[in-house]
Amino acid sequence: MKFTYPAVIHKNEDGTYKGYFPDLEGTEIEAPTYDDILNLAIETAREWITVELEEDNLDLPAVSDHSDLKLEEGDELHDIAVIIRLYDGWDE
């Protein structure tokens with residue numbers, strides 16, 4: 001299955017990057033480069049969604065509409081997509 005959630009990414013004054021997923025609780029990330037923050041965002045989203053899929057009460061959050069997100073100056077919005085392959089019996 002393909003899951004896509006928006007991520008907010010901001011370049012810090014020191015040249016590093018920070019980011020978070022407004023819809024995925026507890027997903028604050030930091031990385032030294034732009035490529036690293038994007039790769040970490042993909043990894044973080046995949047891990048968050050995988051853990052949620054393993055829960056007894058599956059409750060994935062709705063995806064925020066871009067127009068509903070409040071961005072600060074310098075924030076960039078990226079749709080991060082991850083593909084998670086569900087195997088037979090994954091929900092048993």
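These are my notebook entries on one sheet, the helix that packs on it, and a threonine in that helix, all looked up in a predicted model.

**Entry 1, the sheet.** I began with the strands and found an open sheet of four, ordered β3-β2-β1-β4, with antiparallel pairing. Its edge strands are β3 (29–31) and β4 (75–83), each of which pairs on one side only. I noted that neighbouring strands of this sheet are turned against each other by 30 degrees on average, direction ignored.

**Entry 2, one strand pair.** I then looked at β1 (residues 2–11) and β2 (residues 17–20), which run antiparallel and are joined by four bridges; in this pair I found V8 opposite Y20 in β2.

**Entry 3, the helix.** I turned to α1, which packs on the sheet and touches β1, β2, β3 and β4, with its direction at about 50 degrees to that of β4. I checked its length as well: at 1.5 Å a residue, the 21 residues should span 30 Å, and the end C-alpha atoms are 31 Å apart, which agrees.

**Entry 4, the two faces of α1.** I listed I37, A41, T44, A45, I49, E52 and L53 as buried; because they cover an arc of only 160 degrees around the axis, they lie on the same side of α1. Their cover includes β1, β2, β3 and β4, whereas the face turned away from the buried side carries the exposed residues D35, N39 and E54.

**Entry 5, T44.** Is T44 in α1 buried or exposed? I count T44 as buried because its relative accessible area is 15%, and buried means under 20%. Leaving aside neighbours within four places in sequence, I found T44 in contact with F21, T27 and I29.

Definitions and conventions
Residues are numbered from 1 along each chain as its sequence is written. This is a predicted model: local features need pLDDT of at least 70, side-chain atom pairs count only at pLDDT 80 or more; totals for chains, interfaces and linings use all residues. Side-chain values use heavy atoms; hydrogens and water are left out. Buried means under 20% relative accessible area, exposed over 50%, partly exposed in between (1.4 Å probe, protein chains only). Contact means heavy atoms within 4.5 Å. Two strands pair if DSSP finds at least two bridges between them. Axes are lines fitted to C-alpha atoms, for helices over the stretch in contact, and angles run from 0 to 180 degrees between N-to-C directions. The expected span of a helix is 1.5 Å times one less than its number of residues. The arc is that of the directions from the helix axis to the C-beta atoms.
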